[in-house]
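Visitor: I am new to this structure and would like a close look at a single part of it. Please take me through that part step by step.

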Amino acid sequence: MEQITTFVEQLLTDWGVSANAIPVICHVVLVIVAFLLAALAGWICKKVFIPIVGKLTRRTEAKWDDVLFSPKVLNAAFNIVPAIVVWQLLPLVFYDYPTVHEVLIRLTAIYITVMSVSTAIVFIDSFKLLEGDTRSARQQYLYSVCGILKIIIIFIAVIIVVAIIINKSPATLFAGLGAASAILMLAFQDTIKGLVAGVKLTSNDMLRKGDRITVPGAGADGIVEDVTLTTVKVRNFDNTIITVTPQTLVDGSFQNWKGMKENIGRKAVRKVYFDFRSIKIDNLTRYRTHMEEWLAKNDKVVVENIIMVHLLDATPTGLPVEFVFWLKDQEALPYEHAISEIMEYAIAKASDYDLMIYQTPIV
């Protein structure tokens, strides 16, 4: 920069520019040069390094490097480079203007802080691209930790920016927060409770992305699309979106159908009431045996699980026979259709064994 300054001063002198105007023009030229160098550094990073990194990550079989070193993450990181160049050149440009130099140094420092936080958040958010339609317990816990980490990063960045503006050490501000912590906890108690509830949901593996849940109090009955520290987004089966707070789920109750989904098949339990007058020596036993054998051969039934047709305690409305079996299809519509077909057969087949379904006499 000193050589550029000397060259520009000599050139302006040769052109006959007045001595009073030469320093101003020199500073303008130095500012332009500084910004050109900063822009050049940013352009080189984005046009040269990003394609090189992209080629290297595509050659590997791993997916994580394609996500964590994606163009979006690298672009966010390289946005800091021009500011760093300006930071280094400012003392050489505004050596005669200490006040301007101080103001620009602070503004550049704030910009670097903000862009660093932005890069960190983009980097953390890139972990989402490693997920599928569902999350494992470890992924969900990591997702929650990342959410807490983003809050901490933003909080620290705010403290640093305030420290830069008032020209104080960040350590001094952090020390001062200790006295105000009680007030802050009172002001943000709902947010803090939500964060604690979100951590409790994930650490206890109570909820994951992709689970089907039912929350009667909130009108939610569908698939969990996203779980964060402060919200749980549920897409109902009519495609409406319900947003529930983690604290609502922890303080109240909700039904998670994950166990049914992870199991082989979905359990079905139905009853048929038979008229006592139609029961003879062993016709009901033969009927129950036939139904168990028929269910075991039905391609809609999970034969690995229990199949049972048994008697229950007698009632004034007939002798109940309970059918217990598991269906392969767990979706609501095909599940109900399969049950209807099976029970229609069970009712129709009863007449072959001289059994009658109980009906209340019409007076």
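Visitor: Which backbone oxygen does the side chain of Asn283 reach?

Guide: This is a predicted model. In it, the backbone oxygen of Ser278 is the one that the Asn283 side chain reaches, at 3.0 Å. Asn283 belongs to helix 12. Its relative accessibility is 3%, so Asn283 counts as buried, the limit being under 20%. Leaving out residues up to four places away in sequence, Asn283 touches Ser278, Tyr353, Asp354 and Leu355.

One of these, Tyr353, leads on to the aromatic rings. The ring centres of Tyr353 and Tyr287 are 5.9 Å apart. Their planes stand at 70°, and over 60 degrees counts as edge-to-face, so this pair is edge-to-face. Tyr287 is in helix 12 (residues 283–297), while Tyr353 is in the segment after helix 13 (332–349). The pair therefore ties together parts of the chain that lie 66 residues apart in sequence. Both Tyr287 and Tyr353 are buried. Ring pairs also bring in Phe274, which forms a cluster with Tyr287 and Tyr353.

Two members of that cluster, Phe274 and Tyr287, reappear in the largest nonpolar core. This core has 24 residues, and those with the most contacts inside it are Phe274, Tyr287, Phe323, Phe325 and Leu327. Strand 6 (266–274), helix 12, strand 8 (319–327) and helix 13 are the elements that each give two or more residues to the core. Helix 13 supplies the largest share, 6 residues. As a general point, nonpolar side chains in soluble globular proteins tend to be buried together.

Phe323 shows how these parts meet. Apart from neighbours within four places in sequence, Phe323 is in contact with Ala268, Val269, Arg270, Val272, Tyr287, Met291, Met308, Val309, Met343 and Ala346. A second core, separate from the largest one, has 12 residues, including Val227, Val232, Val234 and Val244.

One further ring involves a charge: the charged end of Arg266 sits over the ring of Tyr335, 4.0 Å from the ring centre.

To return to the starting point, Asn283 is in helix 12, and Asn283 touches Tyr353. Tyr353 in turn pairs with Tyr287, and Tyr287 is among the residues with the most contacts inside the largest core.

How values were computed. Residues numbered from 1 in each chain as written. Predicted model: local features only at pLDDT ≥ 70, side-chain atom pairs only at ≥ 80, totals over all residues. Heavy atoms only, no water. Phe/Tyr/Trp six-rings, centres within 6.5 Å; stacked < 30°, edge-to-face > 60°. Helix = DSSP H or I, 4+ residues; strand = E, 2+ residues; numbered from the N terminus. Buried < 20%, exposed > 50% of the residue type's maximum accessible area, 1.4 Å probe, protein only. Lys NZ or Arg CZ within 6 Å of the ring centre and 35° of its normal. Core = buried A, V, L, I, M, F, W, Y, C linked by side-chain atoms within 4.5 Å. Contact = heavy atoms within 4.5 Å. Polar contact = N/O pair within 3.5 Å; in protein donor to acceptor, adjacent residues only side chain to side chain.
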